Every structure is written in C-alpha cells, then in structure tokens.
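Hi,

Here is the structure I said I would pass on. Have a look at it first, and my notes follow underneath.

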Amino acid sequence: MRFSQYFLPTLKEDPGDSDIISHSLSIRAGLIRKIASGLYAFLPAGYRVLKKIENIVREEMNNAGAQEILMPVIQPAEIWQQSNRWDEYGSDMFKLADRNERDFCLGPTHEEMITTLTAADIYSYKDLPVNLYQIQVKFRDEIRPRYGLMRAREFIMKDAYSFAASEEQLDKDYEAMYAAYSRIIERIGLKYKVVEADTGLIGGKSSHEFVILAQNGEETIAYCDKCGYAANTDNAKFRLKTIFGESNGADKENKNLEEVYTPDVKTIEELSNYLQEPPQKIIKTIVIKNMEGSVFAFLLSGDRTLNISKAEKYLGAKLEFINEEDNVHKLPIGFVGPAGLKKEIKIYADYSIHGKSNLISGANKINYHYKNVNIERDFDVNGWGNFTYPVPGDLCEDCNMELNYDKGIEVGHIFKLGTKYSEKLNGKFLDGDGKLKPYIMGCYGIGITRMLAAAIEQSHDEKGIIWPKSIAPFTVSIISTNMNEEKLKNAAERTYEMLMKNKVEVIYDDRDISAGIKFKDSDLTGVPVKLIFGKKFLKDEIIDIEYRNKAEKIEIKLNDLENFLKKLTSLNE
C-alpha cells in the first residue's frame, strides 16, 4: 500500500479527551475516530488490526472444535424476562421497542438467545457436546464511557457457548477453551496471567479471567510466584500474616475508653493525621443494608477496603451502602463505630482487627471518636470473616508465601454456567436413562476491540505503538528520505514491488515530505520493520534496517536485499 493513497490520518498531538495511552495512540495513529461518547469508527489501519485478531481467535476456536454461527444483535425481551435478567441487568442494557410496541434490547451478551436457539434442536444426549461461537457487536450503555475502546458502549466480542450432558463433558469443554484462550494470547504475543474471578451477572459456579499485564490496567491481580496461584483482587483468597498476638497490634493491657473531640474529621486519613496514629490502629465501620432494609455494620482495619461481594456471600443477601436518604437509624455518617451502636444493628468483623486492642473508632456522635476501643468489653461481634481485598504483606492461602500484585486488563472471561439458563429457558435433552434433563452450559468471551487496546497499553513507548508482528497493520515500512532523488526513489519502488510480489504486508511512504515526518509516522503507527533508503544508499548502496520493538538498527547491502526479504516473508506466516 502506498501511503499517498492510504487513508491514514495521523495526528501530532494527543486528543483532548483521551484518558489513557491506548486511547490517545489509537486516535493519533489513525486507527479510530470518535463518533459519539463510547462509539468509535475503525479506519483502515485499525480495521486491519481487528481482522488479524479476529482471524487468530477464529482459527483457535475452530481448532478447539467450536463452530461459528451468527446471531441477531436485537433480542426480544421475552427471553430475558424468562431468565429474570431483564430487570436484573439494570441500566447498562440498551432497551427499545418496535413499531408494534414490543420490547427488545441490543444484546450485551447472548446467553438467553443461544439457549433458546439450541433448545429447539438439541433433543438427545447423542447430540451433545456442542460448542457454538460468534464474533459479534455487543452493546452496553456504560454510565460513563471512558478509556477509549477499553470501556466503550459498542464493542466487538467473540462469545462461545458449550452444551454438555454431564459435568465431565463440561470440564473437557472448559479446559479446551482455557487452552485455546492461552494460545490466542500467546500467538498475538502479549504477556498475560490467568486468574480466578467472580462470575458476576453472567452467573455460574466458577470462572477465570485472562488478563493482559499493563500499568494502566483497571484490574489489580494478586499472584504467588511459588505455587502459581493468581486471582483478581475482587476474588483473591489470602491469609493475614497473623491474626493473634502483639504482632497484630495487641497491647499488654486494655486501657480505659476515652472520647476524643475530632471536629470535621470523617475519613481514615484525616483521623490518622489528626490523632497521629497509623490506619491499622483504626476500626473502619462500614454500614450497609439488605433489600429488606435490615442494617449491618462491617468492621475492618483502617488500611483495608470492604469487599462487598464477600459480605454478600457471607450473609447470603444482596447488599448496598446506606446514604443520608435511607439512613433509618439516623447514624452520624463519618463518626459511626461499634461501641454504643444500636443493638438492632448486627456487627460483623474482618480478621484484620482480630486480636487487636486499644483501637480507635467512631463514637456514634458527630465530631467525636473513641480511643482505646476493645472487642468484647465495648461491643460484641456477631460473626468473623474475611471481608476485604488483599493488601501488600498478605499471604497466599495455598502456600503461605507473600502475594505479589500487578495491574492488568481483562480481555477474556470463561465461565462454568451449569444449568442456570437451560433450566429457565427449557434447554433440555433426553439422557441415556430416558430422563429429560437440562443441559450443562459453559460460556467463553474474549474482547476483540479490547484486545487491540490492551496490546497498545502493554507495548508502546514515547514514539508510539509497538505492535506485536502478529497483529501489526503492516509488517514493513519503506521510507525514501528524498523522493526527488531518482536513485532512492527507484530503489524504494523496486523494493516495494518485490515485497508486494512476495505478499509481505508493506506500506511505502511515497509522500514528498520531510524524512523526519515519515520516521515519526512509521514509529507512531508501530510498523515492526523500517527499510530506509537514504544517504548511505546514495553513497554505498547500503539500506538501513530499523526494528521497532528493539530499537535495533542494522545495515545491508543492496545485493543482500533478496535474502533479507525472504526472512521478512516468514514474518507473515
């Protein structure tokens, strides 16, 4: 492709509304353009990258035995109502009505539709197992679309669904998809971790996320170098170094409870600074309620954050934080503590305060806190548990080694759904014993557009994108530093024709502009290899070769070009 004929509008400056590197570079490198909040058009170079990602995904899914289909984007409300997710999914779902006032949605996911589809044609255990997938546009009405392609309202996703007659069949399907996802990311050439994850709104009994490591990632993962355990911090299991004794903050004797005036001091940080005490000495009291209106207090060390999912699992109920409007007990928000708390509010405590004494907490009175708060003497705990996210210093639950932490971007998520959807949507088959049973499902999603953004986040520098060769829009960039020099122009033209003939993906910068701009555009767009025809070629017929990923430079003579190009051809294989 000749640059002069290619629609590749690069920009010198970062766009004003870009949040992260991948968003900025995607726009600057001419991959995408914003249409509206959370909606992007893909320009030719960006679309080439998307298609390469799609092809790798498609090949690995086919090799794993999955079969490609295509389902409608618009889905009828009835199937979502049947699964009880029409209201459960919430405001993230785009809802619409047709001219006959029938309700539909733009599919955020396709569990309901695929189950309805297969229920009409799977009759017997002999029809199972089956694994069907599609590469399709999805829609989610994000409250605040941000980070460019990372959290857009319209995105492209590969979603697969397996149907099994037994748990053993499901396990085999799940393992096959786990292996396929690993191969996909490895073929693309990115560093990643597979972590245990929460099933969320999709549901099911277990799931794993595939996380691309990147400093700007939204996810924090905890992992153990010794035994290989890894999970996102939402779902991570961990042990405290100790939950008993002086090493956990216990004094030798309990001191008298003391009320302290703390004007307008509401946060842990403010209280720590005001009293000159570490956050670990402070009890953080989080007040939440269930859907019936019952109120609970969860206590944790001041340096930790409540994981509400863990609290929900412990109580077996959906929970939400209280605010001023639903504060039925008129609790002084910012000054709540366990000592003197109303008896109808049950107290649950995290192990991070177990064994500690003479702590600091709210005094249930505006502008006042207590010092020397002690468990059992000053309040009772209705139950103990692990209700927080891990922090540095916590230990792996499997081998007791200290956990490490990294940032990353979730690009894939696989689930063992079980019979959650097949039972509700009449997805049943006749088993070998003659009984009608719901088939056992798995669900496997990988973000195509998100993978593009994640690749940029992981691999870039101050000059621009550094594409893995597997998904780069072009393998080679040819640059003639002076298009008015016939020798340079002719050599560049011949090389371009040779590369095209050998089916090497090449962009030839034939623009009559400065060499500096050409170099900057090549680096910005992340082309893996530059062939430069410049002063050295005019003098000694030497071609400069620059590799984008290593900042490596070599020189070759013109008569060595053909052998070099044969090596380049292998880059596309």
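At what angle do helix H1 and helix H10 pack, and how far apart are their axes? The angle is about 105° and the axes are 8 Å apart, with H1 covering residues 21-28 and H10 covering residues 448-458. The two helices are therefore roughly perpendicular to each other. On the H1 side the residues involved are Ile21, Ser22, Leu25 and Ser26, and they meet Leu452, Ala453, Ile456 and Glu457 of H10. Sorted by class, that contact has 5 nonpolar, 2 polar and 1 charged residues. Before you go further, please keep in mind that this is a predicted model.

H1 turns up again with helix H12 (residues 515-525). The buried residues of H12 are Ala515, Lys518, Asp521, Ser522, Asp523, Leu524 and Thr525. Those buried residues pack against H1, and also against strand S28 (464-465), strand S29 (476-480), strand S30 (506-509) and strand S31 (529-533). Right after H12 comes Gly526, with a positive phi near 80°.

From S30, I picked out Val506. With a relative accessible area of 2%, Val506 is buried. Not counting residues up to four places away in sequence, Val506 touches Met1, Phe474, Val476, Ile478, Tyr496, Leu499 and Met500. In case you want a long-range distance to check, the C-alpha atoms of Val506 and Lys12 are separated by 23 Å, and these two residues are 494 residues apart along the chain.

Now the aromatics. How many aromatic pairs does the structure hold? There are 16. One of them is Tyr178 with Phe210, an edge-to-face pair at 5.5 Å centre to centre with 65° between the planes. Tyr178 sits in helix H6 (residues 167-188) and Phe210 in strand S10 (residues 206-213), so this pair ties together parts that are 32 residues apart in sequence. As for burial, Tyr178 counts as partly exposed at 31% relative accessibility, while Phe210 is buried at 0%. Phe533 and Phe537 make another edge-to-face pair, with 5.2 Å between centres and 75° between planes. Both of these Phe residues, Phe533 and Phe537, are buried. There is also a cluster, in which ring pairs link Phe296, Phe298, Tyr314, Tyr348 and Phe387.

A member of that cluster, Phe298, is also one of the contacts of Thr285. Thr285 belongs to strand S15 (residues 283-290), and at 14% relative accessibility it counts as buried, because the cut-off is under 20%. Leaving aside neighbours within four places in sequence, Thr285 is in contact with Ala297, Phe298, Leu299, Val336, Gly337 and Pro338.

One more residue for your list is Ser124. Where does Ser124 lie? Its place is in the loop between helix H5 (111-119) and strand S7 (130-139). Is Ser124 buried or exposed? Ser124 counts as buried, at 18% relative accessibility. A polar atom of the Ser124 side chain lies 3.0 Å from the backbone nitrogen of Lys126. Beyond its neighbours within four places in sequence, Ser124 is in contact with Phe429 and Leu430.

That's the list for now.

Cheers

Terms used:
Residues are numbered from 1 along each chain as its sequence is written. This is a predicted model: local features need pLDDT of at least 70, side-chain atom pairs count only at pLDDT 80 or more; totals for chains, interfaces and linings use all residues. Side-chain values use heavy atoms; hydrogens and water are left out. Axes are lines fitted to C-alpha atoms, for helices over the stretch in contact, and angles run from 0 to 180 degrees between N-to-C directions. Helices (H or I, at least four residues) and strands (E, at least two) are DSSP runs, numbered from the N terminus. Angles under 35 degrees count as roughly parallel, over 145 as roughly antiparallel, 65 to 115 as roughly perpendicular and the rest as oblique. Contact means heavy atoms within 4.5 Å. Ala, Val, Leu, Ile, Met, Phe, Trp, Tyr, Cys and Pro count as nonpolar, Asp, Glu, Lys and Arg as charged, and the others, Gly among them, as polar. Buried means under 20% relative accessible area, exposed over 50%, partly exposed in between (1.4 Å probe, protein chains only). A polar contact is a pair of N or O atoms within 3.5 Å; within protein, one must be able to donate a hydrogen and the other to accept it, and residues adjacent in sequence count only if both atoms are side-chain atoms. Rings of Phe, Tyr and Trp (its six-membered ring) pair if their centres lie within 6.5 Å; planes under 30 degrees apart count as stacked, over 60 as edge-to-face and the rest as tilted.
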